[in-house]
Amino acid sequence: MWVAAWIAFGSFANAQNLNNNNSFELISNGTFDNSLTGWVKNAPRSVPFAIQRQSDGNPTAGMANRKSLQHTLKQDILMPLSQAAGAGVRTFATRFRIAPDAPCSVRCVLDLTDSTGSSHTVLAERVIRSGGAWADVRGTIPVNWNGTLAAAWVSFEVGQKWETEFPDFTLDDVSIESDTDADGLADSEETITNPLLADTDGDALPDLWETQNQLDPAGANDANMDSDLDGFTNFQEFWAATDPQDAQSYPGRAANPNLNEKGRAILTYLALLPSIGKTVVGQHISYPDEFEPFVNGLSASTGYSPGLVEFQYDDNANPFQIATVNPLALDWAEKGGLLAIKFNPPNPWTGGAQAARTQEEHGLVDISALLDPASSSPENYPANLAANSIFMGWLDEVANGLDELQSKDVVVLYRTCAEMNGSWFWWGKRPQGHYQMLWRFMFNYFTQTKRLNNLIWVWEGDASIHPVLSSDYFFPGTDVVDVMGHNFYSDTWEQPFAIEQLYREYGKVYAFPQAGPRDQRDGTFDNALYADAITERFPRSSWFGVWNSFTSGTKIYQHVAIVDNENVIGLMQHARSLSRDEIDWTETEASAPTPPAVEPPPPVVEIPPAVDPTAPVEEPAPPVVSVPPVTDPATPPEPSPVAEPPAPSELAPTVEPPATVPVPVAEVPPTTPPRPGVAPSITLHPQSQAVRAGSDVIFQVNASGTPPLRFQWRKNGVDSPGANTASLLLANAQPADAGDYSAFVLNAIGSAQSVTATLQVLTPPRLSLQPDSQTVRAGNDVMLSVSAAEAEPLSYLWRFEDNALADSAQIHGSATPELRLRNVGGEHAGEYSVSVSGPGGTTESLAARIEVRAALHPQTLVRIENGKVKIRVFDASGGFITADDFQWLEVSASPDLKTWTKLAAALIWENGQPEIAAGTIHNQGFRFFRVHEKP
């Protein structure tokens, strides 16, 4: 059966209709009630695969004695998948329960073969942090293929390819079912919600998240509530990926309980940015002399500075750059910019660069022995002891540089030992526990021994490795990480795996510490793609740092930096982007609870005395380093002038928080309550907004003071009934909602009023003049006009037969209110319309039809009969004119071929020919006549 608010299922049938005709289940016998019917074992006879009965009698499938990742069970779903696709269903929710005997990565994968080739898709995945217990795994992803589908197999990967141990596992409740609205809930689970809407009640909280967090997905306005009374609304907790039912899980909770006040304010600010739809633009520099072209150069050319600059202390195998980086970093921080510093240590065994082409080229690497040389084998003890001494010297040098910044009250987003799921760094792709041991050791050494309380700890993996190795596999634990990011280099910034879904399982700030184009490095990359992709596909990202440009080993300049690529203004002025002048974290200081200080224990590391490695050892020396067990998952890549990042790939998992792990000594819940008898004080004021009509608007106010705090929102100075929470939601805002909003916060001691925030509700332009249809003669000019009201600026785009027009020799004003067509011909006949766009949207005009008549070539007098002048008039093709053309003719007369008089109503239509009335000839003395087109 399913747990955690999942819907209970009985047996399944292939392509079974569940709650509508378009609902499909692809797996048969997913509960193993019918023994192993439908399942195939992909393993030799020595690997048992059998039904196991749980204590409650529930049947499950188990596989033991596995020797390979390929030892698994499979099911052919070609027929039900084809049937679902034939009905237009391509998005499916995958769910299963698994109990591996040991911690490992588990994935449900789909292998397809069609007429164009094969594909391998991860349907659902998770890194299991403890063995022997049931874990629920789910994921939603579209399933696509080209050509004719020939084969479709579902199987399970339990373990990692390079590991030597592949744990036994027990499996149950397997389901791959249509998910029409792609919200993570299968259609059959949506018994109280709408399977066509990812957010049934429209409160900006997805149905799946509300279901998993015991909120009401179908009715109540849960977004504005603070269910766990931790000072943050459920809406904010959704965007921060924290638990709305746990007061100890809140946006911006620091891993280091002694993180200083400024650091906690910045971390909270970053955690809340996604809830207001903002992301900090960052620029990385590898060397101090790059600050001028890539940071100052950006400011000089656009007037915008990046909100974040990422420096690095390491310089590959050269001396560290601390002395030259720190002055730049200090100056940048004093100007209000956010600051990151990366330190990827060189190889402590060789003293060489941290990156190499292959893992083998790093030579001796034993992370456990690096931290505890006494645990080495006799032959490796001298090398590991020397490496430990070198490594600790490097850490001390870096700690001194960071402490210098701490003395100036500078907070650092600290990045170290990145991209461990790749093989290019010496710490990469080692045993999972070894890397986690390394990270936790450095965290404890810097925060406890060195008392560095100005660091926000940023952990980053490599997104491109993810299809092979889950990017959260090496994650060291939620208690030692503040920001969980992955490095992403891509020309399209698309990922065919649900990385955001995976990373929100850990409740950490999410970021792209390193970013850039993958192959498009000729200066043509569109910078606005970063902000567009984050808005559309990675909305929980609080910042991204674009890598610096550099010259590769082939001496070819790699255009990666923001200023070296196109549409810089488009990025910096994007609604999503935050530049340095737009950053203000100061108002979040009081939002983050202040934890009690924790006295650090004595130094964790000490170097043991030298030992003769040939001497007999009765008992191994006690370990020098005590590293607590691990807790969590990992992430993505990063390029450098020495080694470019590997090509990104894609396909994603669904992870869960780490399993049970002892809480470190320093992990003290930050629960300092407000001081008694304190009147309310506003810590976060509502912000003015300008939105399009129909948008949802949220005003937020935060306050400190003696609880309970009461809230009252006002519009234009008048109390708004029922608006009594810290957040005010205006759903589907309309012009009537525009006005000035403020909040009163009250308690038994006093009250406080927020600043006034103005809401503008922008509507599409209103057209007061529509373009008119016209009929014109070939060779004449035509002018079409439109007049619009509403907020400036307005832009115009004229179209002809739905095709956008551009100015040319005959077309003028295609982007203005007046369109002029010169010397028109038959090719200009048709429908013209104009799109008028403003801050509030776009309005389409009515279509105006232009008809073009051919030019006429009238011939004058032919003969006079019965007092009538017979004339002939031809069109441009030489044929007689028609009655429709008659309106374009007029006649002039003269007595002497010198003086001509235009005769009104002298031309009549008789017997299919134009004629001049007889009275006109005899009564006015005219002898000569001519017919011509009206001007």
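Biologist: What is the relative accessibility of Asp 396?

Modeller: This is a predicted model, where local features need pLDDT of at least 70, side-chain atom pairs count only at pLDDT 80 or more, and totals for chains, interfaces and linings use all residues. Residues are numbered from 1 along each chain as its sequence is written, and side-chain values use heavy atoms, leaving out hydrogens and water. Buried means under 20% relative accessible area, exposed over 50% and partly exposed in between (1.4 Å probe, protein chains only). Asp 396 is therefore partly exposed, at 24%.

Biologist: Thanks! Which residue meets Asp 396 in a salt bridge?

Modeller: A salt bridge here is a side-chain nitrogen of Lys or Arg within 4 Å of a carboxyl oxygen of Asp or Glu. The partner's side chain comes to 3.3 Å, N to O, from that of Asp 396, and the partner is Lys 450. Asp 396 lies in helix α8 (residues 381–407) and its partner in the loop between α9 and β15 (455–462), so parts 54 residues apart in sequence are tied together; helices (H or I, at least four residues) and strands (E, at least two) are DSSP runs, numbered from the N terminus. The partner is partly exposed too, with a relative accessible area of 29%, and its name again is Lys 450.

Biologist: How many residues apart in sequence are the parts tied together by Arg 415 and Glu 460?

Modeller: The side chains of Arg 415 and Glu 460 meet in a salt bridge at 2.8 Å, N to O. Arg 415 is buried, and so is Glu 460. Arg 415 lies in strand β14 (residues 412–416) and Glu 460 in strand β15, so the tied parts are apart in sequence by 45 residues.

Biologist: Nice. What span does helix α9 reach from its first C-alpha to its last?

Modeller: Of the 18 residues of α9, 14 are buried. The expected span of a helix is 1.5 Å times one less than its number of residues. For α9 (residues 432–449) that expectation is 26 Å, and the modelled span is close to it, at 25 Å.

Biologist: Which strands stand at the edges of the sheet β34-β39-β38?

Modeller: This open sheet has three strands with antiparallel pairing, where two strands pair if DSSP finds at least two bridges between them. Strand β39 (residues 818–821) and β38 share two bridges, with Ile 811 opposite Leu 821. Each edge strand has a single partner, so one side of each is left without a neighbour in the sheet: these are β34 (782–785) and β38 (811–812).

Biologist: And what is the angle between the planes of Phe 291 and Trp 332?

Modeller: Rings of Phe, Tyr and Trp (its six-membered ring) pair if their centres lie within 6.5 Å; planes under 30 degrees apart count as stacked, over 60 as edge-to-face and the rest as tilted. A search of the whole structure finds 39 such pairs. Phe 291 and Trp 332 are 6.2 Å apart, centre to centre, and form an edge-to-face pair with a plane angle of 80 degrees.

Biologist: Where is the charged end of Arg 90?

Modeller: A charge sits over a ring if NZ of Lys or CZ of Arg is within 6 Å of the ring centre and within 35 degrees of the ring normal. Arg 97 lies over the face of Trp 134, at 4.6 Å from the ring centre. The charged end of Arg 90 is 3.8 Å from the centre of the ring it sits over, that of Trp 145.
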